[in-house]
Amino acid sequence: MEESITFLHSSDWQLGMMRRFLGPDGQARWGQARLDAVARIGDVATSTGAAFVVVTGDVFEHNQVERQTILRACEALKRIPVPVVLLPGNHDALEPGSLWTSAQWQAHAPEHVTVLTDTTPLEIMPGVEIVGAPWRSRRPLSDPAAPGYADLKPVAGTTRILLAHGQLTSLSGGMSDVPTIDQAALEAAVADGRLQYVGLGDRHSTTQVTERIWFSGTQEVTSPEEDDPGNVLKVTVGGGEIEVEPVRVGAWHMVDHRAELFDEESLQGLEDWFAELPEKERTYVRLAGDGSLALPLLSRLDAMIDAQGEVFASVERWAKFWTVRPAPDAADLDALQLSGPARAAMEELRQALAAGDEGAGAALSLMHRLARDAG
């Protein structure tokens with residue numbers, strides 16, 4: 001009976017990724033966090049006794065990442081104490097000018113790291129084969145996983161692991177603009193013994209497809225839409241059995257929050273929600289809001305969001321779902337005691353708002369806030 005083997009499955013590191021909603025400081029910390037999560041995969045390998053690590057595509061964000069990104073990635077890989085097998089994905093495909101053939105990668109890649117450049121089975125250790133389907137362009141013409149296993153035969157006593165990258169037909173919702181992976185064909189290859197585990201990449205959330213087919217998800221969150229990012233999978237397979245366990249390695253959070261804002265109480269509720277969130281320096285908030293606020297409260301809301309943006313990695317109004325409207329009160333505006341051109345501008349904005357110009361309301365709110373702060 002074949003012995004069981006434990007290894008780690010990760011994907012979609014996308015080192016060098018930029019996020020427009022993070023300022024320079026937040027971007028630098030988030031970029032470092034993606035590398036730190038890679039290093040923590042090494043810690044998990046040590047604590048679990050994993051024999052090797054596989055990464056199923058998109059190690060880098062694209063083939064033109066900066067030299068510094070490649071060198072720092074190599075340093076992070078050195079902190080993984082077991083063999084590492086990398087699969088080129090759609091972001092870092094084996095196309096002309098690929099970083100995998102660059103002088104920087106060739107000179108600095110650790111010796112224990114192997115990049116799969118073809119579909120030839122790799123014997124990673126006695127009785128264990130890794131087969132991969134590396135992407136050779138960003139737009140394949142057919143099922144991107146099929147070349148890795150279509151011609152294989154079952155081998156008694158051998159544990160065979162397929163590494164592939166792409167969306168499953170069953171999960172793409174028909175929205176993929178490139179050919180998808182045929183789940184039924186993968187399941188057939190598992191059922192007839194050609195494959196004992198299928199490690200997939202491209203989907204950023206940890207996702208179990210079947211008992212032996214998994215997306216590991218990205219090692220660190222990239223978007224609030226992701227359901228379960230920030231994991232590495234500990235896989236133990238052999239003797240006809242398999243056990244897959246997600247292990248947390250990510251440290252960042254990206255959250256959506258919707259607030260109904262009509263009065264001081266609702267504004268206080270939003271402030272309390274911000275206060276209760278942990279690890280603010282590693283959290284991005286995408287804020288949706290609806291309602292209407294008097295100008296003093298709207299000014300307070302603006303000041304709150306600005307202040308929280310300094311505490312959190314980033315706080316961003318979600319433009320698509322931000323419909324908080326000003327409800328200017330004549331007394332609030334008159335209390336500003338503006339005169340001359342400023343008073344005339346305020347009256348013009350007032351009339352525009354009454355005519356249904358929402359932009360005028362935002363301008364009135366800003367005027368109210370600036371005048372109040374100046375006072």
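These exercises work through one sheet, its helices and one buried side chain.

The model is predicted: local features need pLDDT of at least 70, side-chain atom pairs count only at pLDDT 80 or more, and totals for chains, interfaces and linings use all residues. Residues are numbered from 1 along each chain as its sequence is written, and side-chain values use heavy atoms, with hydrogens and water left out.

**Exercise 1.** Work out the strand order and pairing sense of the open three-stranded sheet.

*Solution.*
- Helices (H or I, at least four residues) and strands (E, at least two) are DSSP runs, numbered from the N terminus.
- Two strands pair if DSSP finds at least two bridges between them.
- β13 pairs with β14 (residues 283-293) in the parallel sense over nine bridges. Here E260 stands opposite D290 of β14.
- β14 and β15 also run parallel, joined by nine bridges. Here V285 stands opposite V315 of β15.
- The order is therefore β13-β14-β15. The edge strands, β13 (253-261) and β15 (314-326), each pair on one side only.
- From one strand to the next, the twist averages 10°.

**Exercise 2.** Place helices α6 and α7 against the sheet.

*Solution.*
- Axes are lines fitted to C-alpha atoms, for helices over the stretch in contact (heavy atoms within 4.5 Å). Angles run from 0 to 180 degrees between N-to-C directions.
- α6 (residues 264-276) lies across β13, β14 and β15, at about 165° to β13.
- α7 (residues 295-311) lies across β13, β14 and β15, at about 170° to β15.
- The chain passes from β14 through α7 to β15 in a right-handed β-α-β crossover. Right-handed means that, with the strands pointing away from the viewer, the path from the first strand over the helix to the second runs clockwise.

**Exercise 3.** Check the span of α7 against the expected one.

*Solution.*
- The expected span is 1.5 Å times one less than the number of residues.
- For the 17 residues of α7 this gives 24 Å. The end C-alpha atoms are 24 Å apart, so the two agree.
- Run the check on α1 (residues 24-48): its 25 residues should span 36 Å, and its end C-alpha atoms are 36 Å apart. Just after α1, G49 takes a positive phi of about 70°.

**Exercise 4.** Decide whether Q183 is buried or exposed, and list its partners.

*Solution.*
- Buried means under 20% relative accessible area, exposed over 50%, partly exposed in between (1.4 Å probe, protein chains only).
- Q183, in helix α5 (residues 183-191), has 17% relative accessibility, so Q183 is buried.
- Leaving out residues up to four places away in sequence, Q183 touches L168, S170, V209 and T210.
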